[in-house]
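Welcome! Please take a look at the sequence and the structure below, and then read on for a short guided tour.

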Amino acid sequence: MTNTDMAAVEESADIQRNGGDLVVETLTALGAKTVFGIPGQHALGLFDALGRSPLHFVSSRVENNSAFSADGYSRATGEVGVLFLSTGPGALTALAGLQEAYATGVPMIVVASQIPLEGLGARRKGMLHQLDDQKASAANVTKSQRLIQHASGIPSAIQDAWTEAVSSPQGPVWIEVPQNVLLDLIFVPAVEDALADPFDNPPRVELVREAVKWLSAAERPAIVAGGGVRRGHAQKQLLAIAEKLNAPVVCTPGGNGAFPWNHELSLQSWMEDRYVTEVLEDADVLVVIGSSMGEVSSNYFTMEPRGRIIQIDAEPRVLESNRPALGIRADAGQALTALDEALVEPHGERAQWHGATPQAVVKDTLAKVQSRLDGQDLGLERQFMDDIRDAVPADMQTFWDMTISAYWGWSCWDSKDGEFHSAQGAGGLGYGFPAAIGGALGLQRLGRPARVLAVAGDGSSMYSISELATAKQHNAPVTWLIVDDGGYGILREYMIDTFGKATHTELARPDFVKLAEAFGVPARRVKPEDVGDALKAAFAADGPNVVVVDVLLKMFGPTHLDI
């Protein structure tokens with residue numbers, strides 16, 4: 001073969017790209033850096049193309065955990081999480097993880113493979129992984145679903161999906177590409193650039209004007225700050241408005257960190273406390289931002305506001321879903337900016353709560369909360385949470401599974417300069433560790449402090465125990481705290497309180513220390529009083545590590561049953 005022939009062959013090889021290349025090229029052009037997922041037969045075109053791209057791939061061991069990892073990556077970095085799924089069982093296994101992202105408003109691009117085009121439709125050709133309508137299965141847990149049938153449509157479809165994912169209300173968007181579309185050679189030019197700016201979602205002018213009218217006349221304004229404030233990057237605007245109005249602020253679990261924890265107007269995150277509920281009920285104007293006032297944020301639907309409500313949310317289905325309100329459909333950041341600009345005159349001197357200042361009401365309410373806890377024999381639990389908080393650096397991000405420690409964290413965790421992430425959007429088990437892996441690896445690639453903490457119980461840990469292999473393979477700087485109480489602790493407590501006994505809540509479980517070590521991950525078991533020192537040592541180490549604590553924690557007594 002001559003040199004000319006060799007050059008022709010090499011040139012031909014260079015241009016022999018497939019549909020998978022268009023996927024990864026478009027994602028790269030849009031700013032993606034990391035992809036999570038698991039290879040599958042119909043998705044091999046995607047993974048072949050990954051090998052020719054600068055995208056970093058993180059292979060989890062279970063697709064649901066891949067979804068949690070992409071979710072954690074997005075929350076920790078502020079970027080779009082990207083998830084690659086195979087057809088059928090692989091795609092379906094990820095749905096519970098996507099429910100959490102959808103419920104919490106986490107922007108993600110989900111690229112799922114499909115059977116070849118010829119098998120789609122009503123026919124049952126008996127192809128491996130075939131579903132009647134795969135994307136229909138994702139309809140409950142994603143903002144929208146697309147099926148791409150031609151390679152030339154890939155870049156535009158992904159660009160549109162990215163725009164939708166980052167537009168408020170943010171969330172995961174589902175894209176399907178059949179196997180043959182991913183594998184067939186293409187002549188479409190390489191993707192050089194792509195643009196996906198979020199759609200504008202400002203508040204209506206007349207609604208802002210009406211809200212300002214209400215707030216200007218209010219004597220007892222109060223604010224509930226939900227997760228939408230954090231997603232809308234509206235913390236500064238919230239602080240400015242609260243100080244202008246002299247309004248107490250309480251954060252929902254999803255809004256944790258939206259308002260300074262120790263501010264004189266901060267009711268912190270004690271949404272499940274009756275004393276805080278009473279303050280919100282007494283407000284003559286209650287501003288609810290980025291929250292549905294759902295189960296937790298209404299103290300289990302016992303809150304009965306007596307004043308008028310202004311509710312701001314980007315999701316129209318949230319507005320007035322639980323209470324009549326002046327509903328303002330808008331991105332929280334844009335809405336609070338508009339309110340802040342419209343509240344040009346100080347109104348704080350008008351604020352008074354039956355002769356008391358708002359600051360005095362906040363101080364007295366928090367004192368009542370602490371007094372209630374003092375009477376419940378919760379010294380172990382409170383010290384345990386204090387020790388964890390003292391050990392965690394101020395700027396560290398934390399990821400909490402559905403476990404008693406997390407339920408305490410919803411109310412008492414001061415996120416300081418870090419970020420608090422929990423699975424309370426959908427409430428599924430297994431979120432904490434894989435989300436932390438995604439968050440840590442994302443922060444690491446951005447050159448930011450990457451060590452994160454994951455907190456889980458022994459029950460929820462078993463949902464994601466296989467991801468110890470992922471953490472080890474990628475040397476993820478995650479410290480995993482496993483609080484081992486021998487079963488599903490919160491369910492045990494609920495059943496005993498309701499029925500007088502617990503049924504099927506106790507679990508056989510492994511020796512978590514030996515199991516972690518079998519994966520090559522350092523681990524140690526400590527007593528509850530030593531958890532702080534153990535975490536500090538773990539934070540100082542490299543790569544993943546595990547701290548196991550054998551302790552039975554109780555929840556503080558519910559206040560919604562006292563009315």
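How many disulfides does the structure hold? The structure holds 0 disulfides. Please keep in mind that this is a predicted model.

**Cysteines**

A disulfide is a covalent bond between the sulfur atoms of two cysteines. Take C251 as a starting point: the cysteine sulfur closest to its own belongs to C412, and because the two are 14 Å apart, they are too far for a bond. A disulfide would need the pair of sulfur atoms within 2.5 Å. Starting from C412 leads back to C251, again at 14 Å and too far for a bond. The surroundings of these cysteines can be described as well. C251 is buried, with a relative accessible area of 4%, while C412 is partly exposed at 23%.

**Salt bridges**

Side chains of opposite charge can pair when their charged atoms come close. The structure holds 24 salt bridges, and the table shows some of them.

| Side chains | Distance, N to O |
|---|---|
| R52 and D21 | 2.7 Å |
| D48 and R52 | 2.9 Å |
| D374 and R382 | 2.7 Å |

R52 appears in two of these rows, and a network of salt bridges links D21, D48 and R52. Where along the chain do R52 and D21 lie? R52 sits in the loop between α3 (44-50) and β3 (56-59), whereas D21 belongs to helix α2 (residues 19-29). With their positions 31 residues apart in numbering, the pair links distant parts of the chain.

Is D21 buried or exposed? D21 counts as buried, because its relative accessibility is 4% and buried means under 20%. R52, at 46% relative accessibility, counts as partly exposed. D48 is partly exposed too, with a relative accessible area of 39%. Away from this network, D374 of the pair with R382 is exposed, with a relative accessible area of 56%.

**The sheet**

Now let us turn to the strands. An open sheet of 6 strands runs in the order β15-β14-β16-β17-β19-β18, and the pairing is parallel. Why do β15 and β18 each have one side without a neighbour in the sheet? β15 (420-422) and β18 (523-526) stand at the edges and each has a single partner strand, so one side of each is left open in this way. From one strand to the next, the twist averages 20 degrees.

Further into that order you will find β17 beside β19. Strand β17 (residues 478-484) pairs with strand β19 (residues 545-550) in the parallel sense, over 6 bridges. As a landmark, look for L481, which stands opposite V547 in β19. Helix α18 (residues 432-445) packs on the sheet, where it touches β14 (398-400), β16 (452-457) and β17. The direction of α18 makes about 175 degrees with that of β16.

**A pair of helices**

Two packed helices are described by the angle between their axes and the distance between the axes. For helix α4 (residues 63-77) and helix α6 (residues 95-104), the axes come within 7 Å and cross at roughly 25 degrees. Angles under 35 degrees count as roughly parallel, and α4 and α6 are therefore roughly parallel to each other. Which residues make the contact? On the α4 side they are N64, A67, F68, D71 and R75. On the α6 side they are A96, G97, L98, E100, A101 and T104.

Conventions
Residues are numbered from 1 along each chain as its sequence is written. This is a predicted model: local features need pLDDT of at least 70, side-chain atom pairs count only at pLDDT 80 or more; totals for chains, interfaces and linings use all residues. Side-chain values use heavy atoms; hydrogens and water are left out. Two strands pair if DSSP finds at least two bridges between them. Helices (H or I, at least four residues) and strands (E, at least two) are DSSP runs, numbered from the N terminus. Axes are lines fitted to C-alpha atoms, for helices over the stretch in contact, and angles run from 0 to 180 degrees between N-to-C directions. Contact means heavy atoms within 4.5 Å. A salt bridge is a side-chain nitrogen of Lys or Arg within 4 Å of a carboxyl oxygen of Asp or Glu. Buried means under 20% relative accessible area, exposed over 50%, partly exposed in between (1.4 Å probe, protein chains only). Angles under 35 degrees count as roughly parallel, over 145 as roughly antiparallel, 65 to 115 as roughly perpendicular and the rest as oblique.
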